[in-house]
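Work through the exercises below with the sequence and the model open. Try each task before reading its solution.

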Amino acid sequence: MRRRAEQVDETRQRIVEAAVQLHGSAGPAATTIAAIADLANVTRLTVYRHFPDQAALFDACSAHWMSQQQAPDPGAWSQIGDPAARLRAGLADLYRFYRAGAGMLASVYRDFTMLPEAHQRRLRDQSDTNRRILAEPFGGTARQRRRLRAVIGHATSFWTWRSLCIEQGLSDQDAVEAMTGMVLAVAPVPHHEPAL
């Protein structure tokens with residue numbers, strides 16, 4: 001019985017690893033159950049037995065891939081009080097993650113509308129959280145904050161990082177400084193009490 005359970009686990013793992021490999025190379029939209037089954041050396045029926053729908057398969061793939069990454073840590077950024085320092089820390093953390101997972105992330109974001117709805121929502125929510133945490137310490141009027149959030153949203157986008165660092169050849173640090181400068185250019189100017 002134990003050997004049978006181990007074989008089931010091994011088969012499931014092969015299916016997940018095959019799906020991760022195909023998602024990273026062909027992209028989620030072009031990845032078929034037949035291709036996953038072929039790469040995992042199982043039948044399509046076996047894939048469906050382990051993963052009855054695309055959402056279940058994508059959940060397993062995403063969890064497996066993320067378990068091998070060092071995810072960004074917005075909680076750590078939120079501990080930094082200075083707005084510019086928080087922004088630099090957040091962008092550096094995101095850009096490091098983007099570089100480490102560039103192949104997979106390009107495929108996932110390219111095929112975003114084909115992802116299961118729960119995954120689209122999760123990615124949007126994470127993006128909103130990142131933007132909110134980085135904008136929080138700046139203050140300003142409603143109009144200023146709306147513009148600031150839009151610019152921070154651009155700075156935190158995977159596609160912005162890819163354009164600056166992959167297409168234009170900037171280092172991650174140079175990209176962080178460029179985007180920090182852009183955000184600070186539209187940020188509300190803090191009003192300090194005059195020193196006595």
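The exercises cover ring pairs, the nonpolar core and two helix residues.

This is a predicted model, in which local features need pLDDT of at least 70, side-chain atom pairs count only at pLDDT 80 or more, and totals for chains, interfaces and linings use all residues. Residues are numbered from 1 along each chain as its sequence is written, and side-chain values use heavy atoms, with hydrogens and water left out.

**Exercise 1. Classify the ring pair Phe97 and Tyr98.**

Step 1. Rings of Phe, Tyr and Trp (its six-membered ring) pair if their centres lie within 6.5 Å; planes under 30 degrees apart count as stacked, over 60 as edge-to-face and the rest as tilted. The structure holds eight aromatic pairs.

Step 2. The centres of the Phe97 and Tyr98 rings are 6.3 Å apart and their planes stand at 50°, so this pair is tilted.

Step 3. Buried means under 20% relative accessible area, exposed over 50%, and partly exposed in between (1.4 Å probe, protein chains only). Phe97 has a relative accessible area of 9%, so Phe97 is buried. Tyr98 has 5%, so Tyr98 is buried.

**Exercise 2. Do the same for Tyr109 and Phe158, and place them in the chain.**

Step 1. The ring centres of Tyr109 and Phe158 lie 5.6 Å apart with planes at 25°, so the pair is stacked.

Step 2. Helices are DSSP runs (H or I, at least four residues), numbered from the N terminus. Tyr109 is in helix H7 (residues 102-110) and Phe158 in helix H10 (residues 158-167); they are 49 residues apart, and the pair links distant parts of the chain.

Step 3. Tyr109, at 26% relative accessibility, is partly exposed, whereas Phe158, at 3%, is buried.

Step 4. Both rings belong to a cluster linked by ring pairs, which also includes Trp65, Tyr95 and Trp161.

**Exercise 3. Which residues have the most contacts inside the largest nonpolar core?**

Step 1. A nonpolar core is a set of buried Ala, Val, Leu, Ile, Met, Phe, Trp, Tyr and Cys residues joined through side-chain atoms within 4.5 Å.

Step 2. The largest one has 49 residues, and Ile36 and Tyr95 have the most contacts inside it.

Step 3. Contact means heavy atoms within 4.5 Å. Beyond neighbours within four places in sequence, Ile36 touches residues including Ile15, Leu22 and Leu57.

**Exercise 4. Describe the surroundings of Ala40 and Thr180.**

Step 1. Ala40, in helix H2 (residues 33-40), is buried at 3% relative accessibility. Leaving aside neighbours within four places, Ala40 contacts Arg14, Ile15 and Ala18.

Step 2. Thr180, in helix H11 (residues 172-186), is buried at 0% relative accessibility. With neighbours within four places in sequence set aside, Thr180 contacts Leu87, Arg88 and Leu91.

Notes
Helix = DSSP H or I, 4+ residues; strand = E, 2+ residues; numbered from the N terminus.
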